[in-house]
Structures are given as C-alpha cells and as structure tokens.
Amino acid sequence: MMIEDEVFQRKRFVPFKMTAFGFTKKEDQYIYETDLMDGAFHAILTVSDKGAVSGKVIDVINDEEYHQLRSRQFHGAYVTRVRDAYEQWLRHIAENVCDEVLFASDQANRIAQLILNQYDVKPDFPWDEKQYQTYGTFRHADTRKWFALIMNIPMDKLLKNKDQTLVDIINLKSDTLAEEVSAHPGVIFPGYHMNHKTWLSIVLNDALKDEDIMALVQRSYDLT
C-alpha cells in the first residue's frame with residue numbers, strides 16, 4: 001500500500017479546510033507543497049476533486065523524485081528519516097483537512113448509513129491484523145450472524161487482471177447469485193473470500209443505485 005493510501009484511508013478531504021490550510025486549487029485538483037528536512041527535499045501533495053491522492057518527494061540536489069521512499073528494500077537510516085518525515089507531514093495534513101469516515105468510498109458510507117437507518121445496526125471491525133482492520137461487518141442483533149461485510153480490496157481480487165486499484169465491496173448472502181452476476185457484469189461477482197455459491201460481492205463505485213443495493217441487503221438480512 002502506498003504511504004498516501006495508508007495515511008488517508010477512511011478520511012474525507014474537506015475543501016474549505018484544505019483552502020484554509022494552504023492548498024491551492026488548479027482546475028480539478030488541490031495542491032499543497034512544502035520543504036522537508038531543512039530544505040533537502042520538496043514534497044508535493046495533489047488531491048483530485050474526487051479525493052484521489054498522489055504525492056511526490058523531490059530530492060532538491062538533483063531535482064529528481066526520491067524513489068527510494070517508495071521501496072521497502074531501501075531501509076537505511078537516511079531513507080527511513082526521509083520516509084518518516086514525509087509520513088509525519090501527511091498525517092499533519094490529514095489531521096487538519098480531513099474528516100474521519102467509516103469506509104473509503106462515498107457509496108460504502110451511504111450504504112452504512114442506510115443500514116443504520118433501516119436495521120439500527122452499525123458495523124464492527126473485528127480483525128486485529130492491519131490489512132483487515134478497515135473491514136466492517138454488519139450483524140443481526142440477536143444471533144450476531146453477519147448479513148453484510150464491507151471490505152477494501154484491489155480489483156485484481158475480483159477480476160484477476162493485476163489491477164491494484166483499491167475499491168470498496170459489500171458481501172451479501174444471495175439465493176439469486178447467478179442471475180445477479182449475469183445482470184451486472186463487472187459490478188457483481190461471486191462472493192470474495194466467502195462461499196462462491198451463496199454469497200455475492202458488489203463493487204461500491206456507484207455503478208448500482210443505493211436502492212438496488214439495499215434491496216439485496218434486505219434479501220441477505222432475510223436469508224441470514
């Protein structure tokens with residue numbers, strides 16, 4: 001996972017906070033720059049209107065991007081200092097311009113709110129392992145059985161195409177799996193990390209309307 005993805009996961013950029021902090025708006029992007037480590041490096045953070053984040057750290061001496069920052073095979077004391085300084089800078093930005101959210105995507109957060117409104121159920125995050133800590137389960141109040149699970153995974157896990165773009169998905173129990181997968185190719189899949197015959201995964205990228213997803217949530221609720 002990229003440093004920026006790790007720092008800003010489950011964060012929402014707030015435009016008025018960004019401009020107050022010092023970001024400049026250029027077309028559909030917000031940009032913030034600063035020097036690091038007494039001017040030895042120059043850091044640039046770019047945030048799109050949709051919240052996509054990218055960053056660069058430039059080695060001022062040769063005016064080139066400091067690629068050692070991105071590779072964990074470089075772990076000497078100096079590289080570690082640069083990496084730590086950059087991460088500390090990103091976390092300072094996050095604290096000042098972002099709001100905390102439950103999940104990475106807008107649709108996942110809307111679905112979580114709709115589930116709360118309809119079933120009075122909030123997600124819990126039961127896993128201690130770092131890579132799973134953002135996975136939220138929705139359970140029946142009486143039996144504690146899951147009826148939904150929201151995860152943030154690379155698209156490659158669904159498409160097997162080496163696409164490492166991170167997406168939120170929701171896993172739901174279904175008795176119409178084949179029909180749903182056929183009707184919504186590229187959006188609904190056999191359940192990732194679940195029984196492929198009885199669970200499905202929906203990509204939460206607004207390809208399906210919230211109300212259509214909530215109809216499948218209701219079916220999962222009834223089946224579990």
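**View 1. Asp38 in the loop between E3 and E4.** Asp38 counts as exposed because its relative accessibility is 87%, above the 50% cut-off. The model shown here and in the other views is predicted. Asp38 sits in the loop that links E3 to E4. Its phi is positive, about 55°, although Asp38 is not a glycine. Met37 also belongs to this hairpin of E3 and E4 and takes a positive phi near 50°. Four residues lie between the two strands of the hairpin.

**View 2. The open sheet E2-E3-E4-E5-E6.** Five strands form this open sheet, in the order E2-E3-E4-E5-E6, and the pairing is antiparallel. Strand E2 (24-26) and strand E6 (64-65) stand at the edges. Each has a single partner strand, so one side of each lacks a neighbour in the sheet. E2 pairs with strand E3 (residues 29-36) over three bridges, in the antiparallel sense. Lys26 stands opposite Gln29 of E3. E3 and E4 run antiparallel and are joined by eight bridges. Here Glu33 faces Ile44 of E4 as its opposite residue.

**View 3. Strand E4 and its hairpin with E5.** Seven bridges join E4 to E5, again in antiparallel fashion. Val47 has Val53 of E5 as its bridge partner. The hairpin of E4 and E5 has four residues between the strands. In the turn, Gly51 has a positive phi of about 95°. E4 is mostly covered, with six of its eight residues buried.

**View 4. Helix H3 across the sheet strands.** Helix H3 (residues 77-97) lies across three strands: E3, E4 and strand E5 (53-59). Relative to E4, helix H3 runs at about 40°.

**View 5. Met18 and its contacts.** Met18 lies in helix H2. Met18 counts as buried because its relative accessibility is 1%, under the 20% cut-off. What does Met18 touch, leaving aside its neighbours within four places in sequence? The contacts are Phe13, Phe23, Tyr30, Val47 and Val97. Tyr30 falls in strand E3 (residues 29-36), and Val97 in helix H3 (residues 77-97). Val47 is the bridge partner of Val53 in E5. Thr224 is 206 residues from Met18 along the chain, and their C-alpha atoms are separated by 43 Å.

**View 6. The largest pocket.** The largest pocket holds about 1,000 Å³ of space. Which residues come closest to its centre? They are Arg12, Lys50, Gly51, Ala52 and Ala104, out of 35 lining residues. Several elements give two or more residues to the lining. The helices are H1 (3-8), H2 (15-21) and H4 (106-119). The strands are E1 (11-13), E4 (41-48) and E10 (166-173). By class, the lining has 15 nonpolar, ten polar and ten charged residues. Two elements of earlier views return here, E4 and H2. Gly51, in the turn between E4 and E5, is among the residues closest to the pocket centre.

**View 7. Arg144 in the loop between E8 and E9.** Arg144 is found between strand E8 (136-139) and strand E9 (146-154), in the loop. Its phi is near 65°, a positive value in a residue other than glycine. Is Arg144 buried, exposed or partly exposed? Arg144 counts as partly exposed, because its relative accessibility is 45%, in between the 20% and 50% cut-offs.

Notes: Residues numbered from 1 in each chain as written. Predicted model: local features only at pLDDT ≥ 70, side-chain atom pairs only at ≥ 80, totals over all residues. Heavy atoms only, no water. 1 Å grid on protein atoms, 1.4 Å probe; cavity = no way out; pocket = protein on both sides within 12 Å on 5 of 7 lines; lining within 4 Å. Points joined across faces, edges and corners; volume = space filled by probe spheres on them. Nonpolar A, V, L, I, M, F, W, Y, C, P; charged D, E, K, R; others polar. Pairing = 2+ DSSP bridges. Contact = heavy atoms within 4.5 Å. Axes fitted to C-alpha atoms, helices over the stretch in contact; angles between N-to-C directions. Buried < 20%, exposed > 50% of the residue type's maximum accessible area, 1.4 Å probe, protein only.
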